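User: Could you take a close look at one part of this structure for me, the open and enclosed spaces and the elements around them? I would be glad if you then followed on to the cysteines and the aromatic rings.

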Amino acid sequence: MSKTLDLELVATTKRYGETIAVDSIDHKFKTGTYSCLLGPSGCGKSSTLRMIAGHEQVSDGDILLGDMNITDLPPASRGTAMMFQNYALFPHISVVDNVAFSQKMKGVGKSVRKKRAMELLELVDMAPYAERLPAQLSGGQQQRVALARALITEPSVLLLDEPLSALDPFLRIKMRLELKRLQRELGISFIHVTHSQDEALALADDIIVMNGGRIEQAGSPREVFNAPTTEFVAKFIGGHNVLRVNGMPVAVRADRLHVKREALGNDALLTAAVKDVEYLGATVNLALDAGSAGDLTAALPDETFFSDPIEIGATVFLSWRAADAHALAA
């Protein structure tokens, strides 16, 4: 594969007319890491990925790969490769010819390019399907072919645009494991766009949470989940309640809320009504109406809940340890 290099965004901006889709963002993607651009629709994550790939023109700022400025280079000259959401396989040619196509365009001899294509199909466990047409494959199999086709260019950075969104939940989890395994084995950087918090937490070494064209927070999955810096990140990453303590916004994880049927001493900080009960296997989520404190969620271990089940409509008392309350930017 190509040598691995850091990729850096420097005040990178994308405008569509008067609309700013990506607003002067700075970030360094460390070589050999799996990074996820995470955020809701319209936050700028796909525009960022497409600028890195060269499929969108940068309005302002720069994109650097190692010591090379790739901002204005065409996609094929940048050292990156893109795997598209819809896989974009050629329907009329075989799997092996799909994978070898970019090599054919570069004038690589037939035997050489087919040998390399077969090596990559082996890597993604698709060699037995080499002579099939894309229509004869499942969605997960087509995805593996698209992955092999992107990797044949020997990129320093592989770009993945919502690659798992079209798969059923079971296959999505299986392919998550495959992507992480491949990234480790190849040792190149993967940059993966997703709106799924679970996907980002499971895959990434580095999560970049985007909102309104800006980076709200970047860090390891554990840092972002345990120590969100803003109310947006706390709510979007999930598993947190945002409360006001002494007038300041505070995040408390749903599994750190203590739920009691009776107010005990000075522990009860809030009173809440149980609006719904959701069984999730290992945990049970209580949807709570805490009046002026708003809607909250408490996550209880299933054993704790079923030892003394709480009915919808019940009044409960909530508390938490001071150490479990994490201050947010105002």
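Analyst: Happy to help; here is a walk from the pocket to the cavity, and from there to the cysteines and the rings. Please keep in mind that this is a predicted model.

Let's begin with the open space. The largest pocket holds about 510 Å³, and 21 residues line it. If you want to find its middle on your screen, look for Thr80, Ala81, Met82, Ser102 and Thr153, the lining residues that lie nearest the centre. Three elements each give two or more residues to this lining: strand β6 (80-83), and with it α2 (95-105) and α4 (139-151). As for chemistry, the lining of the largest pocket divides into 12 nonpolar, 6 polar and 3 charged residues.

Helix α2 deserves a pause of its own. Its buried residues are Val95, Val96, Asn98, Val99, Ala100, Ser102 and Gln103. Ser102 therefore has two roles in this picture, as a buried residue of α2 and as one of the residues nearest the centre of the largest pocket. A general point about helices helps here: an α-helix has 3.6 residues a turn, so residues three or four places apart point the same way. What do the buried residues of α2 pack against? Their partners are α3 (110-123) and α4. Just after α2 comes Gly107, whose phi is positive, at about 85°.

Helix α4 leads us on to the enclosed space. The structure has 1 cavity of 30 Å³ or more, and the volume of the largest cavity is about 30 Å³. Around it you will find Val124, Arg144, Leu147, Met175, Glu178, Leu179 and Leu182. The elements giving two or more residues to this lining are α4 and α5 (169-186), and α5 supplies the largest share, with 4 residues. By class, the lining of the largest cavity has 5 nonpolar and 2 charged residues, with no polar ones. Helix α4 thus appears in both settings, giving two or more residues to the lining of the largest pocket and also to that of the largest cavity.

Now to the cysteines. Searching the whole structure turns up 0 disulfides. Why is Cys36 not bonded to Cys43? The closest cysteine sulfur to that of Cys36 belongs to Cys43, and at 12 Å it is too far for a bond. For reference, the cut-off for a disulfide is a pair of sulfur atoms within 2.5 Å. Both residues are tucked away from the surface: Cys36 is buried at a relative accessible area of 0%, and Cys43 is buried at 1%.

The aromatic rings come next. The whole structure contains 5 aromatic pairs. One of them joins Tyr34 and Phe190, a tilted pair with 5.3 Å centre to centre and 50° between the planes. This pair links distant parts of the chain, since Tyr34 sits in strand β3 (residues 34-38) and Phe190 in strand β8 (residues 189-194), 156 residues apart. Both partners are buried, Tyr34 at 0% relative accessibility and Phe190 with a relative accessible area of 0%.

Tyr279 and Phe306 make another aromatic pair, this one edge-to-face, at 5.8 Å centre to centre and with 70° between the planes. Tyr279 belongs to strand β14 (residues 270-279) and Phe306 to helix α9 (residues 302-307), so the pair ties together parts 27 residues apart in sequence. Here the surroundings are open: Tyr279 counts as exposed at 54% relative accessibility, while Phe306 is partly exposed, with a relative accessible area of 47%. Ring pairs also bring in Phe305, giving a cluster of Tyr279, Phe305 and Phe306.

One last stop is Ala325, in strand β18 (residues 325-327). Ala325 counts as partly exposed, with 28% relative accessibility. Leaving aside residues up to four places away in sequence, Ala325 touches Val250, Ala251, Val252 and Trp320. From Ala325 to Asp206 the C-alpha to C-alpha distance is 24 Å, across 119 residues of sequence.

To retrace the route on your screen, start at the largest pocket with β6, α2 and α4, then pass along α4 to the cavity that it lines together with α5. After that, visit the buried ring pair of Tyr34 and Phe190, and finish at the cluster of Tyr279, Phe305 and Phe306.

Methods:
Residues numbered from 1 in each chain as written. Predicted model: local features only at pLDDT ≥ 70, side-chain atom pairs only at ≥ 80, totals over all residues. Heavy atoms only, no water. 1 Å grid on protein atoms, 1.4 Å probe; cavity = no way out; pocket = protein on both sides within 12 Å on 5 of 7 lines; lining within 4 Å. Points joined across faces, edges and corners; volume = space filled by probe spheres on them. Nonpolar A, V, L, I, M, F, W, Y, C, P; charged D, E, K, R; others polar. Buried < 20%, exposed > 50% of the residue type's maximum accessible area, 1.4 Å probe, protein only. Contact = heavy atoms within 4.5 Å. Phe/Tyr/Trp six-rings, centres within 6.5 Å; stacked < 30°, edge-to-face > 60°.
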